[in-house]
Structures are given as structure tokens and as C-alpha cells.
Amino acid sequence: MIRLRRLRASENIRNLVRETRLHKDELVYPVFIIEGENIKNPVDSMPGIYQYSIDRFDEELERIEKAGIKSILLFGIPEHKDECGSGAYDENGITQRAIRHIKEKSPDLIVIADVCLCEYTSHGHCGLIHDGEILNDETLPLLAQMAVTLAKAGADIIAPSDMMDGHTAVIRKALDDNGFSNILIMGYSAKYASGYYSPFRDAAHSAPAFGDRRTYQMDPANGKEALRECEADIEEGADILMVKPGLAYLDIVKEVSQLSNLPLAVYNVSGEYSMVKAAAANGWIDEKRIVMENMIAMKRAGAQIIITYHALEVAEWLREN
């Protein structure tokens with residue numbers, strides 16, 4: 001008889017032969033900074049997550065430092081929005097000012113800056129619009145300009161999430177031409193048009209005013225297309241690939257991890273976070289056990305980096321264990 005249970009006989013033996021491990025250094029914590037003063041707004045659909053004004057963000061920096069988290073993904077929420085998202089590439093915009101503040105207070109913290117127009121446009125789409133069409137090529141220079149201003153402010157990694165064709169190459173060239181050849185690009189390489197983003201749109205004030213984003217974000221039914229998107233990012237100069245969302249797309253994570261030797265991130269998105277929180281609040285699940293199981297599942301599928309709103313909690317649980 002083959003006795004596989006011998007490898008599970010005790011906690012020490014299980015630890016000895018464990019195939020997949022999680023470390024807090026692999027976690028990225030998304031944060032939201034909003035225009036204004038003395039603001040700490042709870043995001044109702046995301047328990048435990050807040051929008052902070054810059055003058056209040058030191059509270060969050062203290063929590064991040066205490067947890068031992070080394071990387072954040074930053075989203076800025078401007079007061080003013082217009083048709084062309086001018087606040088996105090304003091050198092004194094909310095995100096640019098937030099980066100400068102964070103780097104002054106926590107210079108070693110890795111700041112990943114999201115690049116997209118949706119939070120800054122009055123229509124809520126990720127690119128310029130003409131007659132209801134999202135314009136691809138006309139949007140690219142604005143994304144490049146945004147990336148350069150974020151790099152100047154001190155961002156360590158630029159993360160374009162807009163899903164415009166050719167954006168990685170244009171951003172890479174703009175960064176290089178402006179003396180930022182050492183700035184990394186984390187591509188939102190396979191980003192799906194998912195229903196799991198709804199709580200994020202509450203947090204970032206980024207819901208589209210009309211229509212949806214299916215002409216630029218990917219069809220959830222497509223897997224091979226994700227590989228083509230990742231191949232394009234690789235060719236255009238991305239340093240890190242990403243799959244978004246996470247849990248419903250672990251098959252894509254696995255395939256991308258086999259496609260490329262580049263570091264691979266997965267985004268454990270807002271809807272995944274909120275579902276766990278809601279179920280835990282009702283006493284239906286063991287929150288810690290479920291969250292840690294989700295983290296391990298994403299690592300086991302091939303992700304080396306996990307972007308998650310659970311990051312501070314996971315770091316604490318890892319320390320306890």
C-alpha cells in the first residue's frame with residue numbers, strides 16, 4: 001500500500017515538506033489618497049479600507065510600517081475631473097503630491113503608481129473619447145506624460161492599468177527619454193472586464209458614466225488572448241507581468257507563469273476582498289483560514305507577487321505563525 005499520509009503525520013513533518021510558502025515581502029497593499037484635508041473616509045463596500053487625505057496618510061504609513069509591508073500600490077482621487085483627465089498628468093496632481101509625501105516620510109517603501117485616466121476623467125473611462133469611442137492612439141501620449149510625472153515625483157514602479165494597445169512601449173520610451181530608464185514597469189498584462197471590481201470603483205470614484213469597459217478590458221471567456229496580451233507586454237519592455245482579477249483566473253496565472261520567466265503579480269481584487277469580509281462578518285467562514293488559503297492558492301498557481309487589500313492582516317497572521 002502507498003501511504004501518502006506519512007507526509008501529513010505531524011505539524012513539523014507538514015512544515016518540512018510544504019511545497020508553497022508565503023512571505024510578507026511578496027505582498028503589495030493598495031491605498032487610496034483623496035484630495036482635501038483631514039479626511040479619513042471609510043469605504044463602505046470594503047470594510048477596513050479608507051480614503052485618506054495626504055495630511056492624514058501618516059496614520060496608514062504607520063500601520064504599513066508596523067506590519068512590515070514593503071510595497072504599496074497607490075491610487076489618487078482628484079477633486080477636479082474633466083474630459084481629458086488633466087489631473088492625471090499634472091505635476092502637482094493628487095497622486096504626484098502623495099508620492100512626494102510618502103517618499104519623504106518612508107523613503108524605502110516601494111511605491112507602485114497606477115497609470116490610468118479613469119479616476120481623472122469626467123466620463124470615467126480610461127482613455128479619451130470621441131463620439132462614444134474610446135480612442136487608443138490619442139490616449140497614449142497622455143499615459144506617457146502621466147508616467148513621467150509620477151517617476152519625477154519618486155515612484156519606483158509604474159503600473160499602466162488602462163489596457164490601451166501599445167501603452168507599455170510608449171511609456172517605456174517616455175521614461176527612458178526623460179532619464180528614468182531604471183524605473184520598472186508592472187504591466188496590467190491580462191486585465192479582464194470583471195464584475196469583481198465594483199467595490200474598487202466606490203473607493204476610487206472611477207465608475208464609467210456610460211457604457212462599460214469591454215472594448216478595452218478582456219473578455220472573461222478568453223484564455224489564449226491573455227497569453228497574447230502578456231507576450232505583447234514582454235516585447236514592449238514590461239519588467240513584471242500581472243493577472244487581474246485573481247481567484248477566478250488562477251488558470252491564467254498558471255499559464256502565464258509557464259509562458260515567461262518575468263516576475264508575475266496577481267491582483268486579489270476588491271470584490272474578492274469584500275466577499276470574504278461579508279461572509280466572515282456573518283459568521284459563515286473562518287476569515288483567517290480562508291484568506292490564507294486564497295493567498296497560498298495564488299502562490300501555488302505561479303504568482304510571485306500578490307496585490308491584496310488583506311496585506312496588513314496577512315502580514316500579522318504570518319508573524320503570529
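The legends below describe close-up views of a predicted model.

**Figure 1. The aromatic pair of Phe 32 and Phe 75****.** Of the 10 aromatic pairs in the structure, this one is stacked, with 5.6 Å from centre to centre and 25° between the planes. Phe 32 belongs to strand β1 (residues 27-34) and Phe 75 to strand β4 (residues 71-77), so the contact ties together parts that are 43 residues apart in sequence. Phe 32 counts as buried, at 1% relative accessibility. Phe 75 is also buried, its relative accessible area being 2%.

**Figure 2. The aromatic pair of Phe 32 and Phe 200****.** The ring centres of Phe 32 and Phe 200 are 5.6 Å apart and the planes stand at 55°, so the pair is tilted. This contact links distant parts of the chain, since Phe 32 lies in strand β1 and Phe 200 in helix α6 (residues 198-204), 168 residues apart. Both Phe 32 and Phe 200 are buried. Ring pairs join these two residues with Phe 75, Tyr 188, Tyr 267, Tyr 273 and Tyr 309 in a cluster.

**Figure 3. Lysine side chains over tyrosine rings****.** Lys 40 lies over the face of Tyr 50, at 4.7 Å from the ring centre. In a second view, the charged end of Lys 244 sits over the ring of Tyr 197, 4.7 Å from the centre of that ring.

**Figure 4. The salt bridge of Glu 35 and Arg 97****.** The structure holds 18 salt bridges. In this one, the side chains of Glu 35 and Arg 97 meet with an N to O distance of 2.1 Å. Glu 35 is placed in the loop between β1 and β2 (40-42) and Arg 97 in helix α3 (residues 94-105), so the pair ties together parts that are 62 residues apart in sequence. Glu 35 is partly exposed, with a relative accessible area of 23%, and Arg 97 counts as partly exposed at 25% relative accessibility.

**Figure 5. The salt bridge of Lys 152 and Glu 91****.** The closest N and O atoms of Lys 152 and Glu 91 are 3.3 Å apart. Lys 152, in helix α4 (residues 140-153), is linked to Glu 91 in the loop between β4 and α3, 61 residues apart. Lys 152 is partly exposed at 47% relative accessibility, as is Glu 91 at 45%.

**Figure 6. The salt bridge of Arg 172 and Asp 176****.** The two side chains meet at 3.1 Å, N to O. Arg 172 and Asp 176 are four residues apart in helix α5 (residues 167-177), so about one helical turn separates them. Arg 172 counts as buried, at 12% relative accessibility, whereas Asp 176 is partly exposed at 37%. Elsewhere, salt bridges that share partners join Lys 24, Asp 25 and Lys 70 into one network.

**Figure 7. Cysteines without disulfides****.** A search of the whole structure finds zero disulfides. The cysteine sulfur closest to that of Cys 84 belongs to Cys 116 and is 14 Å away, too far for a bond. The nearest cysteine sulfur to Cys 118 is likewise that of Cys 116, at 3.8 Å, and Cys 118 is in no disulfide. A disulfide requires sulfur atoms within 2.5 Å. Cys 84 is partly exposed at 31% relative accessibility, while Cys 118 is buried at 6%.

**Figure 8. A nonpolar surface patch****.** Leu 7, Ile 13, Leu 16 and Val 17 make this patch of about 360 Å². Leu 7 is located in the segment before α1 (11-17) and is partly exposed, with a relative accessible area of 47%.

Methods. Residues are numbered from 1 along each chain as its sequence is written. This is a predicted model: local features need pLDDT of at least 70, side-chain atom pairs count only at pLDDT 80 or more; totals for chains, interfaces and linings use all residues. Side-chain values use heavy atoms; hydrogens and water are left out. Rings of Phe, Tyr and Trp (its six-membered ring) pair if their centres lie within 6.5 Å; planes under 30 degrees apart count as stacked, over 60 as edge-to-face and the rest as tilted. Helices (H or I, at least four residues) and strands (E, at least two) are DSSP runs, numbered from the N terminus. Buried means under 20% relative accessible area, exposed over 50%, partly exposed in between (1.4 Å probe, protein chains only). A charge sits over a ring if NZ of Lys or CZ of Arg is within 6 Å of the ring centre and within 35 degrees of the ring normal. Patches are made of residues with over 30% relative accessible area and no salt bridge: like charges are joined within 9 Å, nonpolar side chains (Val, Leu, Ile, Met, Phe, Trp, Tyr) within 5 Å. Accessible areas come from the Shrake-Rupley method with a 1.4 Å probe; for residues, only the protein chains shown count as cover. A salt bridge is a side-chain nitrogen of Lys or Arg within 4 Å of a carboxyl oxygen of Asp or Glu.
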